[in-house]
Amino acid sequence: MKVLFLCSPVSPITNVIPLSLVLFVSLVKEAFEDWKRLQNDMTINNSSVDVLQDQRWESIPWKKLQVGDIVRVKQDGFFPADLLLLASTNPDGVCYTETANLDGETNLKIRKALEKTWDYVTPEKASEFKGEIQCEQPNNSLYTFTGNLILQKQTIPIGPNQILLRGCSLRNTEHIVGTVIFTGHETKVMMNAMNVPSKRSTLERKLDKVIATLFGVLLCMCLIGAIGSAVFVDRKYHYLELWINGDSQQFNPSNRFVVLYLALLLLVFSLQLLILVFCFQVFVLSIFTLITLYSPIIPISLYVSIEMIKFIQSTKFINNDLRMYHSETNTPALARTSNLNEELGQVEYIFSDKTGTLTRNLMEFFKCSIGGETYGTGVTEIEMGAARRNGLNIKEKTPSNAAREKGFNFDDARLMHGAWRNEPNPDMCKEFFRCLAICHTVLPEGEESPEKLRYQAASPDEAALVTAAKNFGFFFYRRTPTMIYVRESHVEKMGKVQDVTYEILNVLEFNSTRKRQSVVCRYGDGRLVLYCKGADTVIYERLASGNDELKKVSREQLEQYGEAGLRTLCLAYRNLSPEIYESWNEKYIQAKSSLRDRERKLDEVAELIEKDLTLIGCTAIEDKLQEGVPSCIETLSKAGIKIWVLTGDKLETAINIAYACKLINNDMKQFVISSETDAIREVESRGDQVEIAQFIRETVKNQLRKCHEEAQSIVHGSTGQKLSLLIDGKCLMYALDPNLRSTLLSLSLSCSSVVCCRVSPLQKAQVTRLVRKGANKITLSIGDGANDVGMIQAAHVGVGISGLEGMQAVMASDFAIAQFRFLTDLLLVHGRWSYLRLCKVVSYFFYKNLTFTLTQFWYNFQTGYSGQRFYDDWFQSLYNVIFTALPVIIVGLLDKDVSAALSKKYPQLYKQGINDAFFNWKVVGTLACFSVYQSVVVYNFVMSSSTTGLTSAGKILGLWDISTAAFTCLVITVNLRLLMMCNTITRWHSISVGGSILAWFIFICIYSIVFVNKGTYFTIYVLMSTAYLYLIAILVPIVALLGDFLYQGAQRWFYPYDYQIVQEIHRHEPEPIGAGLLEVANQLTPEEERRYAFALLPREKSKHTGFAFDSPGYESFFATQQGVTAPQKPWDVIRRATMKPKSKSPRSSQH
Amino acid sequence: MDVDGGGMSTDINNININHPLHARSKAIHQFTQQTLPACKPVLTPAWVIGTFFLMGVVFIPVGLISLHASQSVNEIVDRYDIDCVPDTFKSNKIAYIKNASTPKSCHRYLKVDKPMKAPIYIYYQLDNFYQNHRRYVKSRSEDQLLHGLRYNKTSSCEPQAFENGLPIVPCGLVAWSLFNDTYSFSRGTKKLKVERKNIAWKSDRNHKFGTQVYPFNFQNGSFIGGGKLDKTIPLSEQEDLIVWMRTAAFPSFRKLYGRIEEDLEEGDIVVVRLMNNYNTYSFGGTKMLVLSTSSWLGGNNSFLGVAYIFVGSSSILIALIFLLLHVKNPRPYGDTTYLSGNRKDISS
């Protein structure tokens, strides 16, 4: 150890101070983040909650809450801890909670208190509550809980149904009383807090490789130096007294191997700068034990600089970009990590969810057919897309004048305001509306007036249907466990409004096997009716015979709706006689109370009554495309990005959406691999699982082979036709088999767009991983729901849509945006710029330290390979920290090649990121050449010019004078070189570059007065008294940069980059305003034109019809599969919790 | 280069249109929206050619002036280390130099080719002498030079910190190896006066070497490295030492010995009587005596002038080549056919 210190040419203290400086900066950053976190914690910890004390509710801050306290939580309040629900103001001890913060599901969950504790609502009563709770240890499972409540010596089991989790909020309930079970870090939310799997960007990983190479170069340099040193060390240099060191043999020239070894060590330290600059963490760790103080400075300075730049990029630029701000929902973009900014500039594959991402997940009641008559005149975007495909040019859709609200976009006067009474089938209409108003599981929330009431539903489809009923005059406004209250208009006669109650006898709930939902209700007059809604296939099977005409007409209409991309449901009813019902109900109750196989038995019982139905009609709900999606996708594909849609929807729906989004067009060769073929159906109908599996595997294999061959011939052909692949989940399952995987991969990579439908969340993640690992391309996943979490985490970059399906995708994502179309800004503008900037920063760091170290290296040849430093310790320590630090950060923040609008106007500029044109071995090599050149110029010019006296007084300059002059030249060169790399020069560039050079002069002026006992004492004043300094300080930087200038000029002249051309085209334009290609035209087109265009649409028929209930099924499937997919950072949840009241106000005003 | 800051206020997306922004918040807005006004230099051929021409035009005159300055300096260089060894010792120079009893005196005759104006600087030049060796450079104690014996943490001076158990002042290898050849000059019969004062940098004399520090226990060892010092003169006045202690940057270096304050005429023969004491023979170094006048740019080193002229003329050459290329084969700027997508079509 001592030897090593002796060997070190630099005193440790000079390294400590810059190190602390660098550490201080990162310390400040951390402190700032901690401070914000602390503030968050403070607000949360100090928010108040009512606790029972002396028969009264006392308000105390959350942080004082203890296990066993009895608390009261009011409506819309957040639960401060995990609570056991004792009582609620609702009858039956029921309360509703919103769990969006935990699992992203927006529908309300029902929690029910134990019957024994229902009474403890008032403080007086609650204070009498005495019991003992035994429960499991704190754990992170959100969906399980086991425990017992011992009350009056009676043990009552507690399940998850009685637990209110922290992070959830209370809805539809005036207040509840509960007792605290877990607090603070023991709550389930906090137990779920885990670290996000950290993602490192490709650029950084590449950087490590470059650094490793440089480390090799460094070792070579050390070896050269060491060998040289061993050769040099010789008795003859008597003035060095290399042999008189009695106590040590280290410099005995006869022992050259020892010398070689020591010299090697010595050189390692003398060239420590290089080590420091380029060594990566592993090396730092090993060397750290040896020289505790030296090494980390510069790697920290490089990594700290990058980190700082990225941090500011994400917090200041991405989070604040107005172009990515969605004013309707008041959501800005959010970079949840600052690691991946530049990764956004290299994305080649985008995996997108459909529902909620490409589409709005805003289900709107769009059309319906009642008794064979179709109503609703709207044209969907998909139909318009189809029209465009057929050459019709239709302008963007106009905002309709008809009654519109969330979930209702229906435009047909024949059904509105009681006009349906004049339609051919008024009774059918009445049944239709009643079915909509009664057959559902929606909860009304808020004041009981049509304007203010909100519907809470498990799926937006349901809410849309009930909203439709409301608009047709059947206003469902209240639900009790047994009754539904509907305010019916125009039923008896026009304009009459009456409140009607229906007794709900049974609810046969929706699930994915049944694909339908029924309600048995009793009218006020005793009439018993079963209302049923469900997928067309399921309903048609259960229709009573007869009335074939209606069935046929309705079927045709269903197919038309399907073609238009609408999600359809059939409605039916059945009148029940009391006898039939009673006998059925007995079976039902039996099934319901059975302990084993309850679900299956309930399904079987439901089959018994859901038959002989009468078809009323069908509904069509539009799953609207998000604003600007088609043009966004067009722009992205021009940028060379390939977009894959992974959706749970049906093949036809997916194809339609893909057409509408311009992912697929008619010029493309489409490969369809579907399991919905007749052959497969036939095998499936035989029911032998093994046979089915084998058959499908073979089919998929053959199809894949065939498609692959065909694709290869097209790719190698000259037609340039684009390819697209459509595959469904079942086939995908077999195609992802290890044997077929490579075929699938190469087929799909040759396609410009791929649509996978009917895929499970797991498959989404698998496909993403396939491309990420198999093709080694940079992938981005974008989704909004819990079912996208897997794929978001699997991709290099995960983007969450902060939309309607809750926060789960956002919690798992790296970036959150409000709209799909903001992806263009995120990728083409921020991603590209970040990539460009970081490439510049990294290569500049690489360049400046290499240049610096090389001058040192050249000098070593002149010092007998002794490892004498050329520069003063302080110069070399502060070189990275002060003299060259700020400008590069400014470039990392402010440099941009072309403006944001041009970035989007010329999406092909993005390709340079995909090809990694700005940071590859060629670039590094070129830089290294210039580094060598510049260091040679700096070193040799200074050396050659300083051999004689340099003043008229004939005095000679010493080592430190010359090194100061060389360092001056170097600082100027390196700083000016930065300016040459910039595409734009703001005044901050000039200030920082000028400031850095000035900082050097100020530093040296002070430094060379203060330290009398340094070699550098007074050097700068000596130098400044000579003409030499000025001549050399002008000459050297210019000669050194001449090479770069020549190279840059020639490069732009003969091999211009795309961005340079674009710069030239728009050279004299001021920064354009507006969004270029992406601007969504808001021109109003005449209604007639639209109608006309609609009338011209070809009436194709689709065998398949969209079905509305598919996505929630996947959702809940995923939630149970994952179990523990809670938000990753506790404070995120809490922050949302604290932000909620603010963000809510605009939303409530919307409705 | 055009500065586009004009359109900024309209870019604030009409959101804040009713609230006139303060300059500060406007700057912050421009920063976060990344629309800071900036100039966008585009390296067009005109710029490239223009810059090179300009550089040529500026550099060549500067180079000519510098070159003229260094050419005006007259320099006489005489290597004497070999010739000053008596013939009997030619085969074993080391024995000669190490033997204290051999006569070290030597005469050199320098012919003045061009008239030299006073002051004429006398330098000695050593080659292959690694005054910049790491071990050598650090073997000194700045504090001891300033404070003398009061300062005793002289471990950096090893292996020349103590001798016979007593501290050495000035300690260290640098001082120990002090150059000790001496020169005296005469023209004809008349002795030339050599001014030996004021040859070191003023800052060194006044601040780095103590006025109350006297040599102590210096060169008392068995192994003598170089010159001895007068124990009665404080270090701040030992200018030879001060000059020597300002270590040179490169293994070949000159150091100022003194000044001749008389003009030398063309054809004059200067007789140098020197004491060849210093041992450069053991490491194969050379010793030279240099007489040189001086200009505003210092000594006779034409490197700067030549470099300026070379860079200037090659700039003009490059400018001409570029101009020729530009005229013959212009690339229309902002031509979309050069975009990579389109370029591929051209090449295929």
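Helices (H or I, at least four residues) and strands (E, at least two) are taken here as DSSP runs, numbered from the N terminus. Counted that way, chain A comes to 40 helices and 35 strands. Keep in mind as you look around that this is a predicted model.

Let's stay with chain A for a moment. It has 1151 residues, and 59% of them are buried. Its contacts also reach a long way along the sequence: among those between residues at least 6 apart, 74% join residues at least 24 apart.

For one such long-range link, find Tyr871(A) and Phe967(A). Tyr871(A) sits in the loop between helix H27 (822–862) and helix H28 (873–883), while Phe967(A) belongs to helix H33 (residues 959–981), so 96 residues separate the two. Their ring centres are 5.2 Å apart with the planes at 65°, and because an angle over 60 degrees counts as edge-to-face, that is what this pair is. Tyr871(A) and Phe967(A) are both buried. The pair has plenty of company, too: a search of the whole structure turns up 75 aromatic pairs over all chains.

Now hop over to helix H32 of chain A (residues 921–945), where you'll find Ala928(A). Is Ala928(A) buried or exposed? Neither, quite: its relative accessibility is 22%, so Ala928(A) counts as partly exposed. Setting aside neighbours within four places in sequence, Ala928(A) is in contact with Phe846(A) and Leu850(A). Thr851(A) is 77 residues from Ala928(A) in sequence, yet the two C-alpha atoms are 8.4 Å apart in space.

Next, the place where the two chains meet. The size of an interface is often given as the accessible area lost when the parts come together. Between chain A and chain B that area is about 9000 Å², with carbon and sulfur atoms giving 63% of it. Three residues, Tyr239(A), Lys955(A) and Trp1053(A), supply 10% of what chain A buries against chain B, more than any other three. In terms of residues, 104 from chain A are in contact with 102 from chain B.

What holds hands across this boundary? The rule finds 19 residue pairs in polar contact between chain A and chain B. On the chain A side, helix H36 (residues 1027–1054) brings the largest share of the touching residues, 17 of them. That side divides into 56 nonpolar, 32 polar and 16 charged residues.

How many salt bridges are there between chain A and chain B? The count is 1. Look for the side chains of Arg246(B) and Asp961(A), which meet in a salt bridge at 2.5 Å, N to O.

Key
Residues numbered from 1 in each chain as written. Chains lettered and ligands numbered in written order. Predicted model: local features only at pLDDT ≥ 70, side-chain atom pairs only at ≥ 80, totals over all residues. Heavy atoms only, no water. Contact = heavy atoms within 4.5 Å. Buried area = accessible area lost by both parts, 1.4 Å probe. Salt bridge = Lys/Arg side-chain N within 4 Å of Asp/Glu carboxyl O. Polar contact = N/O pair within 3.5 Å; in protein donor to acceptor, adjacent residues only side chain to side chain. Nonpolar A, V, L, I, M, F, W, Y, C, P; charged D, E, K, R; others polar. Phe/Tyr/Trp six-rings, centres within 6.5 Å; stacked < 30°, edge-to-face > 60°. Buried < 20%, exposed > 50% of the residue type's maximum accessible area, 1.4 Å probe, protein only.
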